[in-house]
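Colleague: Can you walk me through this one? I'd like to start with the cysteines.

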Amino acid sequence: MEKFCSFLTSKLVQNKVIVIDDYNIYKYGFEALFSTLLGILTAFVIGLLTQRLLWVAVFFACFASLRSQCGGYHAKTVLRCKLSFGTAIFLNIFLTYLTRDMDMLFGLPLFVIGLGVIIALAPADREDKDMDQSEKRKHKILSLIIFALWTAAGVIMYFNAPEFFWVIGWAIFSASALLLFNYFYTRRKKHEA
C-alpha cells in the first residue's frame, strides 16, 4: 500500500496538483485513507460471510472509537494490522455466540477490566508522536467519555437485544487488551535498548 500511495502522491506532484513540500502530508493522508477503507472493507466482508453484519458494525464502531483515543499496539505492516483486526472481529463474533445468553453479571468484568486499563494506561505512548501532558489528558478524558457512552449503550441494549451488550463488552475488552499489550511491548523494547 505504501508504494501505491507514493505513486499516487508522485502523480499529484508531477501534474502540479500539489507542491513537493506537501508530498509527505499527502502520502500520509492517502495511507490513512486506504488503511481505514481496507479496515471497513475487512469488517464488511467478515460481517457478510458470518451473516452478522450488524454485530460487526457495532464492534467496529466501538473498537475504532476507543482505539482512536486510547491508542494501543500497532502492527508493523498494514497486512499484519488487517489480519489482527480480522482476527479480533472473528473472536468477537465467536465469543458473542458463546456468551450471548449469559446473565449480564458475567459480562460486567469485561467493562470493569476495560475501565481499569483505560484509567491506568490510556492514552498509549506512540513511537511516531510525542504528546504533551495536556494532549494526554484530553485523550484520557475522551477515552473515558467514549467508554461511558458505549457502556451505557451496552447496558441499555442488554434489555432489548442482549447480544449487543456482549458485542460491546468484547469490543471494549479487545481495545483494552491491545492497550495492555502495547504497554508490555514498549516496556520490553525499552529494557532491550
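Colleague: So how many disulfides does the count come to?

Modeller: The count comes to zero disulfides, taking a disulfide as a pair of cysteine sulfur atoms within 2.5 Å. This is a predicted model, in which local features need pLDDT of at least 70 and side-chain atom pairs count only at pLDDT 80 or more, while totals for chains, interfaces and linings use all residues. Residues are numbered from 1 along each chain as its sequence is written, and side-chain values use heavy atoms, with hydrogens and water left out.

Colleague: Why is Cys 5 not bonded?

Modeller: Because the closest cysteine sulfur, in Cys 81, is 14 Å from that of Cys 5, too far for a bond.

Colleague: And is Cys 5 buried or exposed?

Modeller: Cys 5 is buried at a relative accessible area of 0%, whereas Cys 81 is partly exposed at 29% (buried is under 20% relative accessible area, exposed over 50%, partly exposed in between, with a 1.4 Å probe and protein chains only).

Colleague: Switching topic, which residues have the most contacts inside the largest nonpolar core?

Modeller: Phe 59, Leu 66, Ile 89, Ile 172 and Leu 179 do, in a core of 37 residues; such a core is a set of buried Ala, Val, Leu, Ile, Met, Phe, Trp, Tyr and Cys residues joined through side-chain atoms within 4.5 Å.

Colleague: Which element gives the most to it?

Modeller: That is α7, with 10 residues, where helices are DSSP runs (H or I, at least four residues) and strands likewise (E, at least two), numbered from the N terminus.

Colleague: What does Ile 89 touch?

Modeller: Leaving aside residues up to four places away in sequence, Ile 89 touches Ala 43, Ile 46, Val 56 and Phe 59, a contact being heavy atoms within 4.5 Å.
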